[in-house]
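Dear colleague,

Please find below the structure that I am handing over to you. My account of what was found in it follows directly after.

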Amino acid sequence: MDQSFIMIKPDGVHRGLVGEIIGRFEKKGFTLKGLKLQIVERGFAEKHYEELSDKPFFTKLVDYIISGPVVAMVWEGKNVITTGRKMIGATNPSNSEPGTIRGDFAIEMGRNVIHGSDSAESAKKEIALWFPDGPVS
Ligand code: ATP
Ligand code: MG
């Protein structure tokens, strides 16, 4: 069964959106397979976003991710990677449709509430990074 790594970013946790976001994934029909609240260190955040390391916004992005606790999750279900990305909405909240998580709760690219794996390959890599003991089987 498909699995995706979903992370509520520090602004989402700080603003009290954890229950709202988990509720959306539950009500859609996906199954929670891993969950933890974690403060990540710089090196770990850099590893998570290593594909973006040459981007001009990389340092700012890492500063944001380490600015407070995040909620790291594994969700499972049919097409969860693609559907999860649709539920999250476009990267830039100015382009995120209302009804998506970013469309409903964010206005800035640098504070866009949530992360979701963008491919089967990145989901596998991210789940291994964040849940080295594996999700619940
Ligand atoms: P995420 O990986 O966090 O789910 P995404 O897959 O929608 O987001 P990516 O291209 O992977 O988008 O970028 C990761 C994060 O880097 C974005 O969520 C955003 O916070 C930030 N980011 C992306 N592009 C820019 C940009 N042009 N300027 C500033 N920040 C950016
Ligand atoms: Mg991404």
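V113 is located in the loop that runs between α6 (101-105) and β4 (114-116). Please bear in mind throughout that this is a predicted model. V113 has a relative accessible area of 0%, and therefore counts as buried, the limit being under 20%. The backbone at V113 also deserves a remark: its phi is near 75 degrees, which is a positive value in a residue other than glycine.

A positive phi also occurs at N79, where the angle is near 55 degrees, and this residue too is other than glycine. N79 belongs to the loop between β3 (70-76) and α5 (80-88). Its relative accessibility is 42%, so N79 is classed as partly exposed.

I turn next to the ligand. Which residues stand around ligand 1? They are K9, Y49, L52, F57, L61, R85, T91, R102, M109, N112, H115 and G116. By character, this shell comprises five nonpolar, four polar and three charged residues. The space that ligand 1 takes up is the largest pocket.

Several side chains come within polar reach of the oxygen atoms of ligand 1, and I list three of them here:

- K9: an N or O atom of the side chain is 2.7 Å from an oxygen atom of ligand 1.
- H115: a polar atom of the side chain is 2.9 Å from an oxygen atom of ligand 1.
- R102: an N or O atom of the side chain is 3.1 Å from an oxygen atom of ligand 1.

How much of ligand 1 does the protein cover? On its own, ligand 1 has 570 Å² of accessible area, and the protein covers 75% of that.

Two members of the shell may be described further. The first to be taken up here is Y49, which is placed in the loop between α3 (42-48) and α4. Is Y49 buried or exposed? Its relative accessibility is 10%, and for that reason Y49 counts as buried. Y49 and T59 are ten residues apart in sequence, and their C-alpha atoms are 10 Å apart in space.

The other is L61, which is part of helix α4 (residues 58-65). L61 has a relative accessibility of 12% and is therefore counted as buried. Between L61 and V71, which are ten residues apart along the chain, the C-alpha separation is 17 Å.

Two further residues complete this account. E20 is situated in helix α2 (residues 18-28). With a relative accessible area of 37%, E20 is partly exposed. The side chain of E20 is joined to that of R24 by a polar contact of 2.8 Å. Along the sequence, E20 and G134 are 114 residues apart, while in space their C-alpha atoms are 25 Å apart.

Q38 is found in strand β2, which consists of residues 31-38. Is Q38 buried or partly exposed? Q38 is partly exposed, because its relative accessibility is 21% and the class of buried residues is confined to values under 20%. The C-alpha atoms of Q38 and I81 are 22 Å apart, and the two residues are 43 positions apart in sequence.

Yours sincerely

Terms used. Residues are numbered from 1 along each chain as its sequence is written. Chains are lettered from A and ligands numbered from 1 in the order in which they are written. This is a predicted model: local features need pLDDT of at least 70, side-chain atom pairs count only at pLDDT 80 or more; totals for chains, interfaces and linings use all residues. Side-chain values use heavy atoms; hydrogens and water are left out. A residue is near a molecule or strand if one of its heavy atoms lies within 4 Å of it. A polar contact is a pair of N or O atoms within 3.5 Å; within protein, one must be able to donate a hydrogen and the other to accept it, and residues adjacent in sequence count only if both atoms are side-chain atoms. Accessible areas come from the Shrake-Rupley method with a 1.4 Å probe; for residues, only the protein chains shown count as cover. On a 1 Å grid over the protein atoms alone, a cavity is a set of points where a 1.4 Å probe fits but cannot get out, and a pocket is an open set with protein on both sides within 12 Å along at least five of seven lines; lining residues have an atom within 4 Å of a point. A molecule sits in a cavity or pocket if more than half of its atoms lie within 2 Å of its grid points. Ala, Val, Leu, Ile, Met, Phe, Trp, Tyr, Cys and Pro count as nonpolar, Asp, Glu, Lys and Arg as charged, and the others, Gly among them, as polar. Helices (H or I, at least four residues) and strands (E, at least two) are DSSP runs, numbered from the N terminus. Buried means under 20% relative accessible area, exposed over 50%, partly exposed in between (1.4 Å probe, protein chains only).
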